[in-house]
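Q: I'm new to this structure and would like a close look at a single part of it. Please keep it informal, and start with the whole before zooming in.
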Amino acid sequence: MSIPPDQVPPSTPPPYEAAPPPAAADDRNLAMLTHLSGFLFSFIVPLIVWLVHKDRPEKAYLITEAKEALNFQITVIIGYVICWILTIIIIGVFLTWVLWIFNLVMCIIAATRVSSSGSYRYPFALRLVN
């Protein structure tokens, strides 16, 4: 005994909220790792992530976060060059350690914000990559 198609009751949605699609979770995890890798590999990981995904419009979130991490790491590298030059007058050695600790703290803050709220913008970064 079969039910005619016009008498089949409409399906009801589940009573719970559906999880985000796996691609969004993967993008968020990759964005978090992109920010977190800044104090280990400097600009290499954000550059690779940005170059791989820059022509894919469906990855706009990941592209934005990779560019943000890349811009910050380029700013940090410029800071390291300035510290290296200032090593001549000894203060550069102290500033290098301060910059390394600042980079570490900012990378951790960015990674936790991206994993929880979804996006982060560094307060001190030159916007060189658009």
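About how much area does the protein expose, and what share of it do carbon and sulfur atoms supply? After that, please take me to helix α3: which residues of α3 meet α4?

A: A word on ground rules. This is a predicted model, where local features need pLDDT of at least 70, side-chain atom pairs count only at pLDDT 80 or more, and totals for chains, interfaces and linings use all residues. Residues are numbered from 1 along each chain as its sequence is written, and side-chain values use heavy atoms, with hydrogens and water left out.

The protein exposes about 8,800 Å², and 72% of that is supplied by carbon and sulfur atoms; accessible areas come from the Shrake-Rupley method with a 1.4 Å probe, and for residues only the protein chains shown count as cover. You'll find 5 helices and 0 strands, where helices are DSSP runs of H or I with at least four residues, strands are runs of E with at least two, and numbering starts from the N terminus. Of the 130 residues, 28% are buried. Buried means under 20% relative accessible area, exposed means over 50%, and partly exposed is in between (1.4 Å probe, protein chains only).

Now for α3, which covers residues 44–53. On one count it belongs to the surface: L40, F41, F43, I44, I48 and V52 make a nonpolar patch of about 570 Å². Such patches take residues with over 30% relative accessible area and no salt bridge, joining nonpolar side chains (Val, Leu, Ile, Met, Phe, Trp, Tyr) within 5 Å and like charges within 9 Å. Both α2 (38–41) and α3 supply at least two of the patch residues, with the largest share, 3 residues, coming from α3. One of the patch members, I48, sits in α3 and counts as partly exposed because its relative accessibility is 48%.

Then there is the packing against α4 (residues 60–86): the two axes come within 8 Å and cross at roughly 145 degrees. The axes are lines fitted to C-alpha atoms, for helices over the stretch in contact, and angles run from 0 to 180 degrees between N-to-C directions. Here P46, L47, V49, W50 and H53 from α3 meet L62, I63, A66, K67, A69 and L70 from α4.

Between these two helices lies a loop that holds K59. K59 is buried because its relative accessible area is 14%. Setting aside residues up to four places away in sequence, K59 touches D27 and H53, contact meaning heavy atoms within 4.5 Å. D27 is 32 residues from K59 along the chain, yet their C-alpha atoms are separated by 7.7 Å.

Following α4 a little further brings you to E68, which is buried because its relative accessible area is just 7%. R127 meets E68 in a salt bridge of 2.7 Å, N to O, and this pair links distant parts of the chain, as R127 lies in the segment after α5 and 59 residues from E68. A salt bridge is a side-chain nitrogen of Lys or Arg within 4 Å of a carboxyl oxygen of Asp or Glu. R121 also forms a salt bridge with E68, with the closest N and O atoms 3.8 Å apart. Together, E68, R121 and R127 are linked in a network of salt bridges. R121 counts as exposed because its relative accessibility is 56%, while R127, at 29%, is partly exposed.
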